[in-house]
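This note sets out, point by point, what a reader new to this structure may wish to look at. It turns to enclosed space and then to charged pairs.

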Amino acid sequence: MKPPYNMYDIKSQVTTSLYVKTTLATHSIDFRITTQMSLLLQSPPSSALSASSRQELRVRFSVRSATPRFALSFRRSFPQIRASANFSSSLDSGLSTEFDAISKFSEIVPDTVIFDDFDRFPPTAATVSSSLLLGICSLPDTIFRSAVETALADSVCYGLESPDARMSCFCNKALVNVGSDLVKLVPGRVSTEVDARLAYDTHGIMRKVHDLLTLYNEIDVPPERLLFKIPSTWQGIEASRLLESEGIQTHLTFVYSFAQAAAAAEAGASVIQIFVGRIRDWGRNHSGDPEIEAALKRGEDPGLALDWVTKAYNYIHKHGHKSKLMAAAIRNKQDLFSLLGVDYIIAPLKVLESLKESVTSPNEKYSFVRRLSPNSAASYNFSEEELVKWDQLSFASSMGPAAVELLAAGLEGYATQAKRVEELFGKIWPPPNV
């Protein structure tokens with residue numbers, strides 16, 4: 001029996017994250033734009049663990065290859081970009097663009113990438129989320145369509161008596177099926193979004209992650225290829241701490257304060273993502289946040305010079321935490337130059353294209369100064385209040401108005417996407433030909 005609704009009549013946003021290697025590579029994939037996607041972090045190859053955000057872009061997947069679907073081989077023709085521990089203030093003679101120069105200091109992750117120019121920014125990692133599922137359902141020719149249809153035809157989910165349990169099963173299966181396809185497509189890690197409606201339920205977050213991980217294990221996806229994306233509430237940070245102690249890698253998102261970043265680092269989160277531009281935007285339109293007010297009095301940019309990036313980076317590196325810091329919501333080249341040295345920077349395509357097009361001649365002198373480094377972090381002095389062992393009370397009291405408001409907005413957006421997926425699945429289930 002065919003359902004009264006067709007899954008491809010739905011138009012939506014895709015919130016996935018594709019990490020992009022910032023060097024040219026040749027392979028047989030051609031992506032066209034149709035749906036919105038955001039970027040996530042490529043994982044380091046060793047013990048350094050890695051990790052998105054709500055930045056979005058439009059992409060349609062269209063694979064042309066002589067090899068079977070997902071059996072793709074990415075040729076690593078150039079070395080990966082890593083944040084260097086050494087100071088440097090000038091452009092090496094062998095580099096020819098501003099992009100090459102800044103890539104010595106931080107790993108640059110493109111945002112809102114136009115994949116018509118895919119050869120310049122091939123993906124190396126990805127995120128699967130509710131928004132991505134919505135986008136897949138709106139595209140009749142996406143390579144991930146069968147992953148969602150297979151989830152909706154799952155006999156285990158179908159056999160559950162409770163409608164809520166059945167829908168949760170369908171959603172989990174869909175996330176994992178798409179995630180497993182992405183694992184085959186990209187060489188890096190794939191991060192799976194945890195339902196934002198569980199943001200204030202530590203045990204609920206852990207149960208969800210364990211359920212997802214069990215499904216990944218059943219289809220032989222190695223756990224080292226996976227990250228789980230969790231909101232940075234106190235309960236989410238506690239869940240991250242417990243999961244990391246089990247060897248499960250986590251990516252904490254929606255970080256808007258030093259308290260969140262420090263508590264996440266203490267918890268051992270693999271990736272901590274801070275939204276630079278959103279903090280600045282809030283500061284321009286609001287007042288009353290003590291940290292932002294103090295920065296403005298010092299003549300500093302509240303998005304760049306405050307605890308959210310500089311202090312958070314120094315805290316992580318000075319105290320030997322394993323977390324990697326990612327700066328997102330970058331608005332322009334000056335933002336990027338001011339953050340050189342942070343582990344990862346998500347930057348808009350227009351900024352990256354400008355950097356790549358800025359070709360330098362051998363006699364031109366460009367100076368790029370590393371702003372953040374483990375060496376500078378070692379000499380940074382923290383106050384006694386900043387070195388507290390974070391608990392729920394100190395955490396809550398240190399969350400300023402900006403962090404509280406921005407976190408709530410982020411959670412609301414993610415929860416809305418999750419509800420839309422459930423509503424859509426309720427309309428299209430069972431899928432065609434089932």
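**Notes on a predicted model**

1. The residues that line the second largest cavity are L213, P223, L226, F228, G247, I248 and Q249. The model is a predicted one. By class, five of these lining residues are nonpolar and two are polar, with no charged residue among them. The volume of the second largest cavity is about 30 Å³.

2. The second largest pocket has a volume of about 270 Å³. Its lining comprises 17 residues, of which C171, D195, R197, K208 and E422 are the closest to the centre. Two or more lining residues come from each of the elements α2 (130-138), α5 (163-185), α6 (202-218) and α16 (401-428). The largest contribution to the lining of this pocket is that of α5, with six residues.

3. The classes in the lining of the second largest pocket are eight nonpolar, three polar and six charged residues. The lining of the second largest cavity, by contrast, has no charged residues.

4. How many salt bridges does the structure hold? There are eight. In one of them, the side chains of K333 and E98 meet at 2.9 Å, N to O. Because K333 belongs to helix α12 (residues 333-338) and E98 to helix α1 (residues 98-102), this pair ties together parts that are 235 residues apart in sequence.

5. Are the two partners of that bridge buried or exposed? K333 has a relative accessibility of 24% and therefore counts as partly exposed, the range for that class being 20% to 50%. E98, at a relative accessible area of 8%, is buried.

6. A salt bridge also joins R241 to E238, with the closest N and O atoms 2.8 Å apart. Both residues lie in helix α7 (residues 234-245), where they are three residues apart, about one turn of the helix. R241 is partly exposed, its relative accessible area being 35%.

7. K311 and E386 form a further salt bridge through their side chains, at 2.4 Å from N to O. This pair links distant parts of the chain, 75 residues apart: K311 is in helix α11 (residues 307-318), while E386 is in the loop between α14 (374-378) and α15 (392-398). Both K311 and E386 are buried.

8. Finally, D195, R197 and E422 are joined into one network by salt bridges that share partners. These three residues are also among the lining residues closest to the centre of the second largest pocket.

Definitions and conventions. Residues are numbered from 1 along each chain as its sequence is written. This is a predicted model: local features need pLDDT of at least 70, side-chain atom pairs count only at pLDDT 80 or more; totals for chains, interfaces and linings use all residues. Side-chain values use heavy atoms; hydrogens and water are left out. On a 1 Å grid over the protein atoms alone, a cavity is a set of points where a 1.4 Å probe fits but cannot get out, and a pocket is an open set with protein on both sides within 12 Å along at least five of seven lines; lining residues have an atom within 4 Å of a point. Grid points are joined across faces, edges and corners, and a volume is the space filled by probe spheres set on the points. Helices (H or I, at least four residues) and strands (E, at least two) are DSSP runs, numbered from the N terminus. Ala, Val, Leu, Ile, Met, Phe, Trp, Tyr, Cys and Pro count as nonpolar, Asp, Glu, Lys and Arg as charged, and the others, Gly among them, as polar. A salt bridge is a side-chain nitrogen of Lys or Arg within 4 Å of a carboxyl oxygen of Asp or Glu. Buried means under 20% relative accessible area, exposed over 50%, partly exposed in between (1.4 Å probe, protein chains only).
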